[in-house]
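User: Could you take a close look at one salt bridge in this model for me? I'd like to see what it connects and how it sits among the others.

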Amino acid sequence: MRCNHQPGDYLDAYFSRVFHRGESVAEVAKNTGERSFESWLASSIHTVKDLSVERGLYFSGIILTNKDKEHQKIMFLNVANDIPIVIGDVVNWGTEKWIIFQKEKKVCETYQTFLILQCNYLLKWIDSNGHLQQSWGHFTSSLDSKVKENFRTWNSLITPQPNKYAEIIMPRQDIMRDTSFIIEEEAWSMVEYDRSSVPGVIYLSLTEEKINSIYDDVINNVADTDKLAKYEVVSSKEKQIFTVGDLVAPTFTITKNGKPIEIDYKLIPENKKIVKFVNGNLTAMKEGETSLIVQLVDYPEIYTRLEIVVGEQTN
């Protein structure tokens, strides 16, 4: 039998086999390593599925404990190169929250390795605008020396502390230096922070202070509640009158700490037979009395009802 294969066919097949994992030594090593990680991820008893981060990304990873007894609270999270998690992300692992606070540097990265630390508190504070903020983080008191010493070694900017102090690591925030926290029914005041040493996270150094029985909400773990911004929707108690077919634009003022401000709000008609949105415009549809709810977009718990009357259309 005569063979019809041409020499070029053999060369194409040869080079296809040689270069199927890359055209350079580095590329071959990287692709081979990535495939090895895929096999490890599929077969390891340490693989955890259904991990996620707060911004809505779901993935699987291999989580390994730290063999160093002094750092048993720190674990290693290994994920594929195409998983776009970053330092500062909070990972949902079952019902637990773990913050990514460091990434291992590798010359040839065939998979990513992050250091994670369990979040033990949902921290709450009042920001410079008087708004309540919250974030998961890891709180370390002066009694927990092992984790504390590790943080303080990385963060040489932290100042010396009095006898009772604490530290927090959490995703990077814009936070004022005099911010206070309520943690474990104790008040803590921030004296220093570092948000430049490790992009994506912020380290806070705190000192204990006395509970303020008037302004510290110990039950809800919020300090300095007197600094909370007070929003109001102010309007006349008189019923506002419109005519069938009119665009409904009620009169009211939104204030913050007693001063008028511009802020996003939405109008919600309670009876859509009388008033409803038509092509994006709030329109009076038929005669009757009803209410409009004026609600702040960013603070939906702040709203008021405006009583309106829709009268008959006149010619």
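Analyst: Start with Glu270 and Arg305, which form a salt bridge in this predicted model. Their closest N and O atoms are 2.8 Å apart. Now find the two partners along the chain: Glu270 lies in the loop between β17 (265-269) and β18 (275-278), while Arg305 belongs to strand β21, so the pair ties together parts that are 35 residues apart in sequence.

Is this pair buried or exposed? Glu270 has a relative accessible area of 40%, which makes it partly exposed. Arg305 is partly exposed too, at 44%.

Next, the wider setting. The whole structure holds 8 salt bridges. One of them joins the side chains of Lys227 and Asp224, at 3.6 Å from N to O. Here Lys227 is partly exposed at 43%, but Asp224 counts as buried because its relative accessibility is 17% and the cut-off for buried is under 20%. Another salt bridge links Lys103 with Glu109, also at 3.6 Å. Lys103 is partly exposed at 31%, and Glu109 is partly exposed at 24%.

Finally, go back to the strand that carries Arg305. Strand β21 (303-311) is among the elements that give two or more residues to the largest nonpolar core, along with β13 (231-234), β19 (281-284) and β20 (288-296). That core has 22 residues, and Tyr231, Val248, Phe252, Val275 and Leu296 touch the most other members. Nonpolar side chains tend to be buried together in soluble globular proteins. Tyr231 is a good place to look: its contacts include Leu296, Ile261 and Ile302.

Terms used: Residues are numbered from 1 along each chain as its sequence is written. This is a predicted model: local features need pLDDT of at least 70, side-chain atom pairs count only at pLDDT 80 or more; totals for chains, interfaces and linings use all residues. Side-chain values use heavy atoms; hydrogens and water are left out. A nonpolar core is a set of buried Ala, Val, Leu, Ile, Met, Phe, Trp, Tyr and Cys residues joined through side-chain atoms within 4.5 Å. Buried means under 20% relative accessible area, exposed over 50%, partly exposed in between (1.4 Å probe, protein chains only). Helices (H or I, at least four residues) and strands (E, at least two) are DSSP runs, numbered from the N terminus. Contact means heavy atoms within 4.5 Å. A salt bridge is a side-chain nitrogen of Lys or Arg within 4 Å of a carboxyl oxygen of Asp or Glu. Lists of a residue's contacts leave out its neighbours within four places in sequence.
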